[in-house]
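Work through these exercises with the sequence and the 3D view side by side. Try each task before you read its solution.

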Amino acid sequence: MLAIRDGLLDTLRLMRLKGPNQIQFWLIALAIGTASGLAALGFRLGIDALQRFVYGTEDTRHLMRHLGDLPWYWVVAIPVLGGLVVGVILNWFTPDGRVRSVADVIEGAALFDGRVEKRAGIASAFASLVTLSTGGSTGREGPVVHMAAVISSWVSIRIHATGLTSRDLLGCAVAAAVSASFNAPIAGALFALEVVLRHFAVHAFAPIVIASAAGTVINRLEFGGVPEFDLVSQGALAFYVELPAFLLMGFVCGIVAVLLMRAIFMADDFGTWVQEKTHLPPVLRPASAGLVLGLLALGFPHIIGVGYETTSAALTGKLVLREAVVFAVLKVVAVAITMAGRMGGGVFSPALMVGALTGLAFGVISTGVVPNFSGTPTLYALAGMGAVAAAVLGAPISTTLIVFELTGDWQTGLAVMVTVSISTALASKLVDRSFFLTQLERRGTHLAAGPQAYLLATFRVHQCLRAVDSARAASEEACRDLISQGIYVSKNATLEAAMPMFDKGNLTFIPVVTLHDDHPPQLHGAVFQIDALRLYNKALAATAAEEHS
């Protein structure tokens, strides 16, 4: 036993010093996949347990029916109380009262060597768990993905992982979390590559698949291998006749996806405006949104929670046209209110629900026009579910596969693929490629345009500074002259701020200073354009090497 213990300790020391070799890395990927899968499973079971306790029901999959038996004041009070708890958690344990989700994981992969905030991430997971258990109208994939990223970040720090290794471990954690959440191993692996890492490098594929498989095993040990949704028989697809209808539905779903995303952003801006005008304490913002949700749920209980019951009803054709349209509109409103209240949760499950309702409505109309040459409306619901979700996530490949894995229906692939491709292409032109990248763009983080746009923001000016006492330093007199003209950058500024100044002023160098309130600027030296370009080109080459390795 002592020999085994010493061997493990020696291995850990070697990994900390030199990083893991390939076999060790795969074992770490398996461990992270298992841990992330367990975290995702625990999150899902936690929501179920808390929801049963709060609403007093044994079957949370039919929560909508149960709400009709509750007193009206309890339906309203539960989201308010949940919002109060969320407000306390976020304002105590995060610096800005904001829930961390998939966008922060993408940012961590691109800008922070595959690492995310741990304290804020854990707080966000608890806040989202409360939100989804007490009436919040979002999904569970956002907090689950970030929770998995916290696990991989912890491991990366412990083994002193480099940026490349740390990002791959992040991909492993995300893949396992998605797989464990939705029983979708193929889609989980591709989601990590397509959405989070944003490349399909060969070196990342094997460990991510291993982790994804581990997450799926965790899910199936608890829930079995059954699909998330049970479908009715779809019937034959009259391809040549129906193809124009699916192409048209792709445009409709793309527009619906854009409306969903813009509704969320507009509601968030409106919520911030109201908070500023009324001087509402940030801790009460989630509770205020919970009050609106509770009142809305009195008339339309389907907006409560993740919405799998309504999604299933759409996929099995149990809703009429009017219900499908009204429920889709109200779900968009409910998701926007939840997000505006900073209550937490993800957008994938709401996008699935809105897409299924949109597809069903379109299918009822389409099959009514040419009933003798078309399939069933539920086929359109399935395609619409994938089309809206793919456009929101900006992930046509993984979303197409996750729809198949959620439903177990692989026979209607052509219809889903056609609709998904059109909706994604349209929506990506009207937003910054996806909901997550648009979120980041609104914060001033420019990832949508690719590495050439965001890499400059990863370097501080002091990383290529020529100090005043350097042999190749700029003339102090020339630096002081530029400072007097207001041309300088802070020592902690990024190259993203410095590079436009070179072009605008046709400069070869820019003074680097520290500003003081009661003293002249302290000169540290200068950043030269040639040094900044050299650092930038080196980073571009490293990124290209990672993406093609």
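**Exercise 1. Place aspartate 432: which elements flank it, and which residues does it touch?**

Step 1. Aspartate 432 sits in the loop between helix 18 (413-430) and helix 19 (435-442). Helices (H or I, at least four residues) and strands (E, at least two) are DSSP runs, numbered from the N terminus.

Step 2. Its relative accessibility is 31%, so aspartate 432 counts as partly exposed. The cut-offs: buried is under 20% relative accessible area, exposed is over 50%, and partly exposed is in between (1.4 Å probe, protein chains only).

Step 3. Leaving out residues up to four places away in sequence, aspartate 432 touches Leu437, Thr438, Glu441 and Ala448. Contact means heavy atoms within 4.5 Å.

Step 4. Now take arginine 442, 10 residues from aspartate 432 along the chain. The C-alpha atoms of the two are separated by 9.7 Å.

Before going on, note what you are looking at. This is a predicted model: local features need pLDDT of at least 70, side-chain atom pairs count only at pLDDT 80 or more, and totals for chains, interfaces and linings use all residues. Residues are numbered from 1 along each chain as its sequence is written, and side-chain values use heavy atoms, with hydrogens and water left out.

**Exercise 2. Find which element has the lowest mean pLDDT and which the highest.**

Step 1. pLDDT is the predictor's confidence in each residue, from 0 to 100. The protein's mean is 87, and 93% of its residues reach 70 or more.

Step 2. Helix 1 (residues 2-18) has the lowest mean, 51. Helix 14 (residues 321-340) has the highest, 95.

Step 3. Where pLDDT is low, the predicted coordinates should not be read in detail.

**Exercise 3. Is threonine 134 buried or exposed, and what does its side chain reach?**

Step 1. Threonine 134 lies in the loop between helix 6 (118-133) and helix 7 (141-158).

Step 2. Threonine 134 counts as buried because its relative accessibility is 7%.

Step 3. Its side chain reaches the backbone oxygen of valine 130 at 2.6 Å.

Step 4. Beyond residues up to four places away in sequence, threonine 134 touches Val54, Tyr55, Ile78, Pro79 and Gly82.

**Exercise 4. How many disulfides does the structure hold?**

Step 1. A disulfide is a pair of cysteine sulfur atoms within 2.5 Å. A search of the whole structure finds 0.

Step 2. Check cysteine 464: its nearest cysteine sulfur, that of cysteine 479, is 14 Å away. For cysteine 479, that distance is too far for a bond.

Step 3. Cysteine 464 is buried at 9% relative accessibility. Cysteine 479 is buried too, at 1%.

**Exercise 5. Compare the settings of asparagine 183 and asparagine 506: buried or exposed?**

Step 1. Most residues other than glycine have a negative phi. Yet phi is positive in asparagine 183, near 55°, and in asparagine 506, near 50°.

Step 2. Asparagine 183 is in the loop between helix 8 (163-182) and helix 9 (185-197). Its relative accessible area is 5%, so asparagine 183 is buried.

Step 3. Asparagine 506 is in the loop between helix 22 (495-505) and strand 3 (509-514). Its relative accessibility is 70%, so asparagine 506 counts as exposed.

Note on methods: Polar contact = N/O pair within 3.5 Å; in protein donor to acceptor, adjacent residues only side chain to side chain.
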